[in-house]
Each structure stands twice: as C-alpha cells, then as structure tokens.
Amino acid sequence: MMWRATGIRRHHALGRELGLRVTFVNATFDALLAGLHVKRFDLVMSALADTKERQEGRTDGTKTGSGVDLVDYFEAGLVLVVRKGNPEGVKAPEDLSGRSVAVQRGTLARDYLDEVNRQVTKKVKIREFDSRAEVYDDVAKGRSTACLDDFPVAAHTAATRAGGTALELSGKQLAPLPYGVAVAKTHTALRDAVREALDRLIRNGEYAKILKKWRVEDCAVKRAVVNGGS
C-alpha cells in the first residue's frame, strides 16, 4: 500500500484498520493524481480537497483524466499565514491587493488567488513553489507578505516553525471543503474498504484523539462518505 503522506499518525491508523503495511511515497502536489492513475500509488491522502472537478477528471472545465473517487475524512478551509506579529496588517483576502503571496503550485489555494485577483484593485503577485516548505520559507524570510494554505497544515506549521516564533495565522478559514482519500475509480473494493476503516476509527475514538493531537478538532466529520464534495 503506497500513498503520499502528511499527518503520518492518521495514515498509520488507517493502515492498521485495513490490515496493510503503509509505504509513503513523496511527490509534488500536482503530480499526485497522475501518479495514482499510472499505479505509482494505491491511495493519495495529502490535504486533497474533494471537488466535482477531481471526481470527474476535469481541469478548468476541460476533461483531463478519468477522475477519482474521494473518501471524505475531514473538512477544512484555507487560511492566510503571515510573519509573527503580522507587520503588514494582512487579515483578509482583500488586504492582499498589490502584495506578494506565496502558494504551492497545483493547489486549490493557487486557484483561490485567481479569484482574489478578479476582485482586488491591484493584482496579487503570486509566487508559486513546488513544496510547502518553500512556501513557508518565502514568508518567514519576508520575500512574500503572506502565504495561503490548507488550515490544518498551516496551523501545525505556524505552531512548530522556530518554536512558534516565526509565523502566525491571520483571519478566518476561507472556502471550507471536505478532504478526501483519492482512489482510482476502478478500485471500488479498495474505496469501500477505506471508507469502512475510517468509520471504525471514528466510532472507536482514535480519530478524535488524532485530531486533538494536531489541534484540528473543529475539522472533524461524523462519518466517512464517498464523493461528498461539490
């Protein structure tokens, strides 16, 4: 069993429920679903938002693949991350007007900035990177005013980078969506096994313990569902 991993404890818990040994494979975010389709991975679980476009294999309305099934296990939005003390006073998307913002290539955060650019008076200067580490480094070093990322990853990074002294979250969660474990549409038995395993973790309380450890209890779901995103 191979998948792209963030939040390793959660993935190992799911592997135990499935009765499988988990092997973690790293890849750039925009290569994850392609890797799933060519059988480089069995599952993808990496803050992957469940959207109709991903379910149907579309990008910007154009058919680009066969799509995936997503087993939803979490619900969260995006959030702005700034240097500690928020020296430039960024609290909402409209405050990004004319400023440099770091983002990971191929993510919903990147798409969200396109929406922001349709509304602000001065275009946001989007700085794209392959990895989250580069994104946060860009903000910490003052090259970008802020970055935009998934709330759970952002919360953990802000709390742990340089002992919590380098970065902080700013503003409320934006555009909350369900996160899903991606499974190839041809692997229906694996999809159903993942859904059932997640439901067992929710019922036995281990799911709640893991979310509490990472301070993201507000992102919990009551049960796992397939393709719940819109």
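**Exercise 1. Burial and ring geometry**

F74 and Y179 are both buried in this predicted model. Determine how the rings of F74 and Y179 are arranged, and which parts of the chain the pair connects.

*Solution.*
Step 1. Take F74 alone: its relative accessible area is 2%. Buried means under 20%, so F74 is buried.
Step 2. Turn to the two rings. The centres of the F74 and Y179 rings are 5.5 Å apart, and rings pair if their centres lie within 6.5 Å. The planes stand at 45°, so the pair is tilted.
Step 3. Place both residues. F74 belongs to strand β6 (residues 68-83) and Y179 to strand β10 (residues 167-184), so the pair ties together parts 105 residues apart in sequence.

**Exercise 2. The aromatic pairs**

State how many aromatic pairs the whole structure holds, and classify the pair made by Y73 and F74.

*Solution.*
Step 1. Searching the whole structure gives two aromatic pairs.
Step 2. In the pair of Y73 and F74, the ring centres are 6.0 Å apart and the planes are at 25°. Planes under 30 degrees apart count as stacked, so this pair is stacked.
Step 3. Check the burial of Y73. With a relative accessible area of 2%, Y73 is buried.
Step 4. Put the residues together: Y73, F74 and Y179 make up one aromatic cluster.

**Exercise 3. The surroundings of R191**

Decide whether R191 is buried or exposed, and list what R191 touches.

*Solution.*
Step 1. Locate the residue: R191 is part of helix α7 (residues 188-204).
Step 2. The relative accessible area of R191 is 17%. The cut-off for buried is under 20%, so R191 counts as buried.
Step 3. The side chains of R191 and D192 are joined by a polar contact of 3.0 Å.
Step 4. Leaving out residues up to four places away in sequence, R191 touches D69, V71, V183 and V226.

**Exercise 4. A charge and a ring**

Which ring does the charged end of K213 sit over?

*Solution.*
The ring is that of W214, with the charged end of K213 5.6 Å from the ring centre.

**Exercise 5. Strands β7 and β8**

Describe how strands β7 and β8 are joined, and give the handedness of the unit they make with helix α4.

*Solution.*
Step 1. Strand β7 (residues 100-104) and strand β8 (residues 125-129) run parallel and are joined by five bridges.
Step 2. For V101, the bridge partner in β8 is I126.
Step 3. Together with helix α4 (residues 108-117), β7 and β8 form a β-α-β unit that is right-handed.

How values were computed. Residues are numbered from 1 along each chain as its sequence is written. This is a predicted model: local features need pLDDT of at least 70, side-chain atom pairs count only at pLDDT 80 or more; totals for chains, interfaces and linings use all residues. Side-chain values use heavy atoms; hydrogens and water are left out. Rings of Phe, Tyr and Trp (its six-membered ring) pair if their centres lie within 6.5 Å; planes under 30 degrees apart count as stacked, over 60 as edge-to-face and the rest as tilted. Buried means under 20% relative accessible area, exposed over 50%, partly exposed in between (1.4 Å probe, protein chains only). Helices (H or I, at least four residues) and strands (E, at least two) are DSSP runs, numbered from the N terminus. A charge sits over a ring if NZ of Lys or CZ of Arg is within 6 Å of the ring centre and within 35 degrees of the ring normal. A polar contact is a pair of N or O atoms within 3.5 Å; within protein, one must be able to donate a hydrogen and the other to accept it, and residues adjacent in sequence count only if both atoms are side-chain atoms. Contact means heavy atoms within 4.5 Å. Two strands pair if DSSP finds at least two bridges between them. A crossover is right-handed if, with the strands pointing away from the viewer, the path from the first strand over the helix to the second runs clockwise.
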